[in-house]
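Got your viewer open? Let's take a short walk, picking one thing at a time and looking at what turns up.

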Amino acid sequence: MSVTLLPGSADQPEDDAASTSAATKALPATALPPSSGPPMIELRGLRLRGIELPADLDLLVRPGELITLTGPPKPGRSALLNVLGLIDRPAAGSYVLDGTDTAKLREEDRAALRARKIGMVFAHKNLLPNRSLLDNVTLPLVYAGIPRRQRMIAGLDVLSRVRLTGLAQRPARQVGNCQRAMCAVGRALITQPDLLLCDEPTAGLETDEAEQVIGLLADLNREGRTVLVATADQLAAAYSSKSVQIGQP
Amino acid sequence: MTALARPKTRLRPADAAGEAFSGMVTAPGNAVATALVALLAVGWFVALLGLTSTATGAVASAFAARLPTTIRITSAGSRLPAPAFPYPAAALHRVEALPGVIATGVYWQIGLNQAVSARPYVTKKQPGHPVIAATAGFLAAAGAQISAGRAFDAWDQARAAPLCLVGSTLARSLGLAGLARQPRVYINNLGCVIAGYIAHASREPGILRSVVIPAAAAEAVFGPPDRRARPTLLIQTRPGAAGQVARLAPYAISQTAPQRYPARVDYGPALLRQQVATALGGLIAAASFVGLAAGALGIAALALFCGWRRVPEYALRRALGARRRHIVAHALAESAVPGLIGGLAGASLGVAIVVLVAMNNHWTPVIAPILLWPAPFAGAAAAMIAWLIPAAVAALARPANALARLVPG
């Protein structure tokens, strides 16, 4: 049986939506309404490698949505984000990203599409601990062939956006959890992606720090970016337009 | 922000170098370890090769000092009539002109042993002693050293001066008490002035028990050499030239009948030299291969270890847009520099070791440049190859798996 979660899907019947396990919340007043254009993400019959789910995954995400993904348990959420971020392939099923069937892409084309379309905030933030925050946020631009001067300008711009300007030259290992989370968001933003995938962005943060990070993600969503947040944190769910429980039969 | 996205990810060479430099500066442990292993491996390799080649040179020098330098030519018996003294001055000049010849001289024993005494008219039966007639170059060719007095010279030879040289062994047996107190000896009761004493003769030690007189004087007193005397031509050559001179000298003496003048060369330890050189060559080859293998394995092991620690970081870079070739470029750039620096320092260290050991043993240091110059590049190449393995693993692995190993930052 296929478990379907199609939040914001214009062609989803009401009774279908009611049959899913998704817990849909009301849109916050600040959130932009999702675009009615073609879907940004379309999953059909997806299975994850090494993750046993009770049913195949179907998911439709429209541009401009902010969705929190809760469930399956954390390994499954991270695995799903890795598939969505094109750094892993599904065991089965199809994944169409902004009209491109990713199953047909070669590895290098996936890397190019990932660099162009997707910004990822990894579960452990995965910063280079010995490099400065500026180096960390500009790392994706190294592989975009951007000259160093332009990288530095863009990096400082992003650090300003995530309120880390004063820590630009500080090694990542010397800053706190909140700064690392902000830096990871900044690194995801540096290529101006259409899709932002965040895996547990508030893990290990105090409540006020988590609010800063989630608030930043909500701001980015208001600017028009599609944001998917995999988290068990109810605070994140409160900011999202949709909260999706995946994997329930 | 400006639009920064590009259709394809790419890595500029300057950025590859910059990322490698940043990696070395911010986390120098890997670079230092790679350079250190390259230093030790290349240094050990260069030192081993240098020491073995230096030792080979020392052995070769020791054997070169013992190469044959003496040739004896004695006219062989023949049915054809041959002159009693077959070495005219022109023939000796031709032999002396051969490349590698240092000195030549002709000598023969006068009759059988002669009665030699320190005093005249000794009635008691005296034991016989050899009396040798020698041309001017004989003493030099025989390596004779005069302990007292002087040797013959051309003037003595030209005028058949009644002089003689007495070997030190014979002088002791005759009880000769020095030139001042005993200025002459008596050969068959004929007085002969002692010009000097022969203390040493490296190539003809028999003359230490003999009396040597100028050939001209011998011919004047005892007549020319007879057939039984068989004058011998003694030739001193440079080390290594004896074989060539021995082949040419019979033709220099007589172009029409060279077979009458067979040359004898004392080859001494030539066979031993060849055996030692062969054994040493095998040892050098084995040691070189062992050194090369050990050095390469050492570099590879540590570089592999260092590179392996970078796998999660490479995976992160892949997740951020790096292509597989970019990861390989990172690994090559980051390993080449410390490998090259370590190899350069190792080559210098190896040369220093060779020079110090050679100086300590009074050897000549020998290092083949063809082995020395590529050594730093060999270190860099070994490090790069070793780093390629984890780079390939990172490039081929699923980034999602490798990311899980990255230390949370």
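Start with strand S4 of chain A and look at its two faces: Leu66(A), Thr68(A) and Thr70(A) sit on one side, Ile67(A) and Leu69(A) on the other, and all are buried. Buried here means that 20 or more other C-beta atoms, placed from the backbone, lie within 10 Å of the residue's own. Select residues 66–70 of chain A and you have the whole strand, with five of its five residues buried. Strands are DSSP runs of E, at least two residues long, numbered from the N terminus, while helices are runs of H or I with at least four residues.

A quick note before moving on: this is a predicted model, where local features need pLDDT of at least 70, side-chain atom pairs count only at pLDDT 80 or more, and totals for chains, interfaces and linings use all residues. Residues are numbered from 1 along each chain as its sequence is written, and chains are lettered from A and ligands numbered from 1 in the order in which they are written.

Next, add residues 226–230 of chain A. That's S9(A), running parallel to S4(A) and joined to it by four bridges; two strands pair if DSSP finds at least two bridges between them. Look for Val227(A), the bridge partner of Leu66(A).

Now pick residues 242–245 of chain A, strand S10(A), which also pairs with S4(A) in the parallel sense, over four bridges. Here Val244(A) stands opposite Leu69(A).

Last stop: show both chains. You'll find 34 residues of chain B in contact with 36 residues of chain A, meaning C-beta atoms, placed from the backbone, within 7 Å. On chain B's side, H1(B) gives the most, with five residues.

Methods
Buried ≥ 20, exposed ≤ 12 C-beta atoms within 10 Å, placed from the backbone. Contact = placed C-beta atoms within 7 Å.
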